[in-house]
Amino acid sequence: MDHRSAAGGGTAPPPLPTGNATGTGIGGFVFNAADEERRRGVRRMKATATGLLVLVALVYALAKWAQDTGAGPWAGYVAAAAEAGMVGALADWFAVTALFRRPLGLPIPHTAIIPTKKDQLGVSLGEFVGENFLSADVVKARLHALGIGGRLGAWLAEPAHADRVTAELAAALRGALTVLRDSDVQAVVGEAITRRAESAEIAPGMGKTLERVVADGGHHRAVDLLCAKAHGWLVTHGESVMDAVQGGAPGWTPRFVDRKIGDRVYKELLRFVTEMRDMPQHPARGAVDRFLTDFAADLQSDTETRAKVERLKSEILARGEVQDVIASAWTAIRSMILSAAEDEQSELRLRVRSSLISLGARLATDGRLQDKLEGWIEGAVVYVVTTYRTEVTSLITDTVAGWDAEHTSRKIEAHIGRDLQFIRINGTVVGALAGLLIYSVSRAFGA
């Protein structure tokens, strides 16, 4: 490290390598074109400050020569001012240089402060940030001052903004559905549905539903449909019915008797179904009503009936084809959601957009809703800050500790070195004025 490259002048250090517009990482930093421009500005100010020091030194030498040759009292005033200016310039050069490196390479205590105290500075910076920026009171006060609820409401109430949020949510939903593996989701959905179905007793609910259906007469259409289907089947398959009756007759009865009995049974059965179909007040319909009413009551209160229904439910759920249907439900749901998310005019997106606009309008005007939302946000942020404050501050200290000392010094100097050179210039000017004042006062009192 070239210690003569101090903020007080001397040979400048070799330029740090830079990359493209995004810069090149060196010692934990990224040095880019802007940093190089800053460093050139620092070098120009160093040259100016050093040139001023050389100027006052030359003035001092000429003033002393003039004083020795009897040029007059003015030479003493100029020499005193120039001498004090040199002292001020050298003192400030030492102070500025000591921040970044050892002046003239000498091992003077308490110099090269930034390179040697880098880690301590990182710890102090982390503690400062933790105490003054990541405290619960500071965070709550800052968030409360922002008025997030009202601002968010006014922003969401704009249709264009609601459209943007809807589009972003749709994109996020599509991305999530794309990342998820269908097999994993199907397994989870199938297990969830099966567990839910197994844990919930369905008989009482079925009984209540059936009871309401019967009370409202909602089952009549089903009975009408069954009667109509049964009548049509009997008309079409009369021979099959008669053959079935004849096949069940004893072998010793004559065939014509069996035929006669089969024909009689078929006609009575057809008559019965026809009457039941055409007569709303048929006794058989009343029997059906009573059976359904009793069955509904048994489903709700009879232990044996409820147990049978639960066993039947478990048997049905255990069948492989039923599990396949349950698992495949995810495929249909996923397809439906993707289609709705991609279509800007889908009911899903239109409802989301409308809900966002409505929420925004309420947030913009409802003070209680604003307070509630801001309370949630403040609570969440305060929890994160207070819980992970140590991790945040340790990130600062660990990052600073990982920086290269030399490049840390150069990076900081590139940002503040130009302003520090004004300290040297001011020190030269102020020192000269102070020296002139002291010399003048001394002359005035005859010293």
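Which residues of H7 are buried? The model shown above is a predicted one, and helix H7 is a convenient place to start reading it. This helix covers residues 159-179, which makes 21 residues. From its first C-alpha to its last it reaches 30 Å, close to the 30 Å expected at 1.5 Å a residue. Its buried residues are Ala162, Val165, Thr166, Ala170 and Leu177. Viewed down the axis of H7, these buried residues fall within an arc of 140°, so they line one face of the helix. On the other side of H7, the residues Ala160, Arg164, Glu168, Thr178 and Val179 are exposed.

Helix H15 can be read in a similar manner. It runs over residues 320-342 and has 23 residues. The distance from its first C-alpha to its last is 34 Å, close to the 33 Å expected at 1.5 Å a residue. The buried residues of H15 are Ile326, Ala327, Trp330, Leu338, Ala340 and Ala341.

The next topic is charged side chains. Side chains of opposite charge can pair when their charged atoms come close. The structure holds 14 salt bridges, and three of them are described here, beginning with one inside helix H1. The side chains of Glu36 and Arg39 meet in a salt bridge, with 3.5 Å from N to O. Glu36 and Arg39 are three residues apart in helix H1, so about one helical turn separates them. An α-helix has 3.6 residues a turn, so residues three or four places apart point the same way. Are these two partners buried or exposed? Glu36 has a relative accessibility of 9% and therefore counts as buried. Arg39 is also buried, because its relative accessible area is 7%.

Helix H12, residues 255-278, holds a pair with the same spacing, as Glu268 and Arg271 are three residues apart and are separated by about one helical turn. In this salt bridge the closest N and O atoms are 2.7 Å apart. Glu268 is partly exposed, with a relative accessible area of 29%, and Arg271 counts as partly exposed at 40% relative accessibility. The pair belongs to a network: salt bridges that share partners join Arg264, Glu268, Arg271 and Glu275.

The third salt bridge is between Glu201 and Arg306, whose closest N and O atoms are 2.8 Å apart. Where do the two residues lie? Glu201 is in the loop between helix H8 (182-199) and helix H9 (203-216), while Arg306 is in helix H14 (residues 303-318), so the pair ties together parts that are 105 residues apart in sequence. Glu201 is partly exposed, with a relative accessible area of 39%. Arg306 is partly exposed as well, with a value of 24%.

Aromatic rings give another kind of contact. A pair of aromatic rings is described by the distance of the centres and the angle of the planes. How many aromatic pairs does a search of the whole structure find? It finds three. In one of them, the rings of Tyr77 and Tyr439 have centres 5.0 Å apart and planes at 85°, so the pair is edge-to-face. This pair links distant parts of the chain, since Tyr77 is in helix H2 and Tyr439 is in helix H18 (residues 405-444), 362 residues apart. Tyr77 counts as partly exposed at 30% relative accessibility, and Tyr439 is partly exposed with a relative accessible area of 22%. Phe128 and Phe133 also form an edge-to-face pair, with 5.8 Å from centre to centre and 65° between the planes. Phe128 counts as partly exposed, at 44% relative accessibility.

Helix H2 appears again on the surface. Leu55, Val59, Trp74 and Val78 make a nonpolar surface patch of about 340 Å². The elements that give two or more residues to this patch are helix H1 (33-68) and helix H2 (73-100). Leu55 lies in helix H1 and is partly exposed, with a relative accessible area of 46%.

The last stop is a loop. Asp366 lies between helix H16 (347-365) and helix H17 (367-402). At 24% relative accessibility, Asp366 counts as partly exposed. Gly153 is 213 residues away from Asp366 along the chain, and the C-alpha atoms of the two residues are separated by 9.4 Å.

Key:
Residues are numbered from 1 along each chain as its sequence is written. This is a predicted model: local features need pLDDT of at least 70, side-chain atom pairs count only at pLDDT 80 or more; totals for chains, interfaces and linings use all residues. Side-chain values use heavy atoms; hydrogens and water are left out. Patches are made of residues with over 30% relative accessible area and no salt bridge: like charges are joined within 9 Å, nonpolar side chains (Val, Leu, Ile, Met, Phe, Trp, Tyr) within 5 Å. Accessible areas come from the Shrake-Rupley method with a 1.4 Å probe; for residues, only the protein chains shown count as cover. A salt bridge is a side-chain nitrogen of Lys or Arg within 4 Å of a carboxyl oxygen of Asp or Glu. Helices (H or I, at least four residues) and strands (E, at least two) are DSSP runs, numbered from the N terminus. Buried means under 20% relative accessible area, exposed over 50%, partly exposed in between (1.4 Å probe, protein chains only). Rings of Phe, Tyr and Trp (its six-membered ring) pair if their centres lie within 6.5 Å; planes under 30 degrees apart count as stacked, over 60 as edge-to-face and the rest as tilted. The expected span of a helix is 1.5 Å times one less than its number of residues. The arc is that of the directions from the helix axis to the C-beta atoms.
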